[in-house]
Amino acid sequence: MPRAKLAALYGVLGLIAGSFALGDEPQDGASHSQHGGSQTSEPQTPAAPAPNEDTSSEAAHVRPDPPQHPMGDTPYPQMAAMMQMNDRARTGSLLFDQLEWRNTAEGNAAVWEAEGWYGSDNNKVWLRSQGERVGGRTQNARADLLWDHTFARWWSVQAGGRQDFGAGPGRTWAAIGVQGLAPYWFNTEATFYVSGEGRTAARLRTEYELLFTQRLILQPEAEANLYGKSDPARQLGSGLSDLEIGLRLRYEVRREFAPYIGVVWARQFGGTADRVRQSGGSSSDVQFLTGLRVWF
């Protein structure tokens, strides 16, 4: 009868295994429901913290108490001294942008271009002068005395007067123009002049500084002068009278002291060129130069 006993033993083991399987089915079903339905189930609202639970993170967002002693208005001198940004302080500067020697068609020439100003950030008195001496005689010289007022971040308007001196009779002009930094860092000046004799003139100038190294700077520049009517006494014709394009390479021993070398192409046009040729000169000239740039 061993087979009967063995069959009975297998039957008992089958019943025990079936009972375990029936006992685990609800748990497996719940597990499958949890994993399979998690993508579509609604997010559950987190449980509220228990009364004794730590809420220090919320304490960091509590609005502080208002100041017990509000600070009043700060006087401008005190604020400027505290921030070291006094835009009303008066300062001055003097710049000799060009003190140079040139070999022109008429002989060796000493050329200068200088400017100085005094005032605040918004309002200044501006003095500008330029000219040349050839063979011991001053030619094509002028001086402008202007009031300068800042009207934009990089621009100022200028108004005042100009005096011509040197070869020919002196001329006095009223002047108005703008000066500033054009896009791509071009320093630009545009000035319109009118005289009591009904003459008009305009001066356009632009320059750019290209930094090669910390001390070596290449400076291209161009300047043009236009006159509304001819002035034979000063050998000037109407329209575009002259154009000068220069290229200077300077070395800044210090920012305030920089020797340079360069080349300039000068050209007269129209009636001005005719008068230059009639006097035995050339209307076009290439000039090599050396000079010094200093400021205080």
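Two residues are in contact when they have heavy atoms within 4.5 Å of each other. Keep that in mind while reading this predicted model.

Start with L236. Setting aside neighbours within four places in sequence, L236 is in contact with Y227, S230, D231, T272 and R275. L236 also belongs to the largest nonpolar core. That core has eight residues in all. Its other members are W126, L146, W173, A175, Y193, A201 and Y227. Y227 therefore appears twice here: as a contact of L236 and as a member of the core, where every residue is buried by definition. In soluble globular proteins, nonpolar side chains tend to be buried together.

T272, another contact of L236, leads to helix α4. This helix covers residues 270-278. Which of its residues are buried? They are G271, T272, A273 and V276. An α-helix has 3.6 residues a turn, so residues three or four places apart point the same way. What covers the buried residues of α4? The cover includes two strands, β11 (239-251) and β12 (257-268). After α4 comes G280, with a positive phi near 90°.

Now look at backbone angles in other residues. Most residues other than glycine have a negative phi. N140 is not a glycine, yet its phi is positive, about 50°. N140 sits in strand β4, residues 137-150. W185 also has a positive phi without being glycine, and its value is near 65°. W185 lies in a loop, between β6 and β7 (186-195). Is W185 buried or exposed? W185 counts as exposed, because its relative accessibility is 56% and the cut-off for exposed is over 50%.

Next comes P169. Where is P169? Its place is the loop between β5 (155-165) and β6 (171-182). P169 has a relative accessible area of 33%, so it is partly exposed. Leaving out neighbours within four places in sequence, P169 is in contact with A233 and R234. P169 and A233 are 64 residues apart along the chain. Their C-alpha atoms, however, are separated by 6.8 Å.

Finish at the surface. M79, M82, M83 and M85 make a nonpolar surface patch of about 440 Å². M79 is in helix α3, which spans residues 76-83. Why is M79 called partly exposed? Its relative accessible area is 32%, and partly exposed residues fall between the 20% and 50% limits.

Definitions and conventions: Residues numbered from 1 in each chain as written. Predicted model: local features only at pLDDT ≥ 70, side-chain atom pairs only at ≥ 80, totals over all residues. Heavy atoms only, no water. Helix = DSSP H or I, 4+ residues; strand = E, 2+ residues; numbered from the N terminus. Buried < 20%, exposed > 50% of the residue type's maximum accessible area, 1.4 Å probe, protein only. Core = buried A, V, L, I, M, F, W, Y, C linked by side-chain atoms within 4.5 Å. Patch = residues over 30% accessible without salt bridge, like charges linked within 9 Å, V, L, I, M, F, W, Y side chains within 5 Å. Areas by Shrake-Rupley, 256 points an atom, 1.4 Å probe, with all protein chains shown as cover. Salt bridge = Lys/Arg side-chain N within 4 Å of Asp/Glu carboxyl O.
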